[in-house]
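Q: Please take a close look at one part of this model, the helix that gives the most residues to the main nonpolar core, and set it beside the charged pairs found elsewhere in the fold.

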Amino acid sequence: MNIELQVIGSALRAVAEEMGAALVRSAFSANIKERRDCSTALFAADGRMIAQAEHIPVHLGAMPEAVAAVMARDPGPDDVWILNDPFAGGTHLPDITLVSRTELGFAVTRAHHADVGGREPGSLPADSTTLEEEGVVIPPTRLDDEVLESLVSRMRNPEERRGDLRAQLSAHRLAERRIAELCAGRGRNRVAAAMDELYAYSERVVRAAIANLPDGRYEAVDLMEATEGELAICAAVTIAGDGIEIDFAGTAPQHEGNLNCPLAVTRSASYFVVRCLTDPDVPASGGAFAPVTVTARPGSLVNARAPAAVAAGNVETSCRIADVLFAAFGQGIPVLAQGQGTMNNLTFGNERFTYYETIGGGQGACPDADGPSGVHVTMSNTLSTPTEAFELAYPLRVRRHALRVGSGGAGAQRGGDGVVRELEALEPCRFSVISERRARAPQGAHGGRPGLPGQNLLNGAELPAKATGDLEPGDLLTIETPGGGGYGVA
């Protein structure tokens, strides 16, 4: 074991984690400071991801696209670049990414902002059909005070937006200092060499794990619950030696709604699944992604083209991509039963406030354990906003927040239970819900029973999986999230 490599690797990972801590602790919005819907990473000068904090899976696997988009514009040593365009390195518009140089590469932050000027408060309209309806589109742009003020002036709650962007900037300044200190203490060439070896080490570990999987081609299909009808996601996984090819041929074309994914999000979900099934404890770097090739037809649901709406693609379609890939791999190796398969996205707001949250549900059971209850599954990794902070900051009240007991599927190992979350409006506002697994339940595995599908209610009346509307004081919005599937026959 190379002790110095371990020390430098730990230092680089600590910088990424410290960036995240600085961002969370200096943010203004509950979405970042309470829910921690943000991610941070360090990249080498050639655009390879070297170290990442363990934050949001769907953010991290897509970050290399953002760095590549900025590198193509020849950034200067003191520049900070900003972007959110899903077709130029972003994911969906509320996820704003900053990229800056360090002494040995780049620092990156990505944070979900509670509003970016979309048609609906929260900038996640359930029924958007074009990207412009979802908010301000930011191509890779050099960020300065003038640009920052121009952007926040086009968004709701500009003071909060400004505060969150400055929190991101503080994380970048911290990264620049820490990398400079590391180079001064260990030597620039030694740190650069350690970056190369950390990337190579992650690749070697994942390739070795893939080589232990059974070679073959495995296929699966799953469905998205679009307003106009179900949309198929088809995946074929080919394991050959120490590499994996994932092909989404046969997937539905991009559609008029907002379930479309840019290819960066599709890759991110694919990388997540491979990492889970090979060596989830491998040091998180781009090397872990190198053995995986992802292809998808341009203009399809999982490789959409501008100006397609994508608000739900990042949060919902990414979950279904993970589900269908687990199902495909499950034909060759043991995998867990399906989890809730949705982030249960919920936004509230008016011209005075905006709020966004995702809600946990049941995870699927695995061969030797019940599924956990009330957790975020697959591509999300956020927290719940504490009730005290929620009610203090917003004209909303938590009437109920509890496990949906009995919603997990039965089996030798039982699926985790979903969540019941009932919120009361205290002043007139708008809401949007973007959810999945309302018509089709999460499936069990090897004879396990499915979990219960989710349900959305407004004053006791059922809402569709995707809904936008008005709330008056006293109105109750209730989200009952899906349970996970069971595993094995009870």
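A: What follows begins with that helix and then turns to the salt bridges. The model is predicted, and local features are discussed only where pLDDT is at least 70.

Helix H9 spans residues 311-329, and with eleven residues H9 supplies the largest share of the largest nonpolar core. That core holds 69 residues, among which Ile246, Phe248, Leu325 and Phe329 touch the most other members. Leu325 has contacts with Ala235, Val237, Ile246, Phe248, Ala269, Ser270 and Val273, when residues up to four places away in sequence are left out. In soluble globular proteins, nonpolar side chains tend to be buried together. Apart from this core there is a second, separate one of 28 residues, whose members include Cys38, Cys183, Ala194 and Tyr199.

A polar residue, Thr317, also lies in helix H9, and Thr317 is buried, its relative accessible area being 0%. A polar atom of the Thr317 side chain is placed 2.5 Å from the backbone oxygen of Leu259. Leu259 is also listed among the residues that Thr317 touches beyond four places in sequence, together with Met224, Ile233, Cys261, Leu301 and Ala312.

Turning to charge, the structure contains 37 salt bridges. Side chains of opposite charge can pair when their charged atoms come close. Arg437 and Asp222 form one such bridge, with their closest N and O atoms 3.1 Å apart. Because Arg437 sits in the loop between strand S15 (429-434) and strand S16 (455-458), while Asp222 belongs to strand S7 (residues 216-226), this pair ties together parts that are 215 residues apart in sequence. Both Arg437 and Asp222 are buried, and salt bridges with shared partners join them with Arg320, Asp323, Glu436 and Lys466 into one network.

Another salt bridge brings together the side chains of Arg207 and Asp242, at 3.4 Å from N to O. Arg207 lies in helix H7 (residues 188-211) and Asp242 in the loop between strand S8 (229-240) and strand S9 (243-247), so the pair links parts that are 35 residues apart in sequence. Arg207 is partly exposed, at a relative accessible area of 22%, and Asp242 likewise counts as partly exposed, at 35%. Glu160 and Arg161, by contrast, are both buried, and their side chains meet in a salt bridge at 2.6 Å, N to O.

Note on methods
Residues are numbered from 1 along each chain as its sequence is written. This is a predicted model: local features need pLDDT of at least 70, side-chain atom pairs count only at pLDDT 80 or more; totals for chains, interfaces and linings use all residues. Side-chain values use heavy atoms; hydrogens and water are left out. A salt bridge is a side-chain nitrogen of Lys or Arg within 4 Å of a carboxyl oxygen of Asp or Glu. Buried means under 20% relative accessible area, exposed over 50%, partly exposed in between (1.4 Å probe, protein chains only). Helices (H or I, at least four residues) and strands (E, at least two) are DSSP runs, numbered from the N terminus. A polar contact is a pair of N or O atoms within 3.5 Å; within protein, one must be able to donate a hydrogen and the other to accept it, and residues adjacent in sequence count only if both atoms are side-chain atoms. Contact means heavy atoms within 4.5 Å. A nonpolar core is a set of buried Ala, Val, Leu, Ile, Met, Phe, Trp, Tyr and Cys residues joined through side-chain atoms within 4.5 Å.
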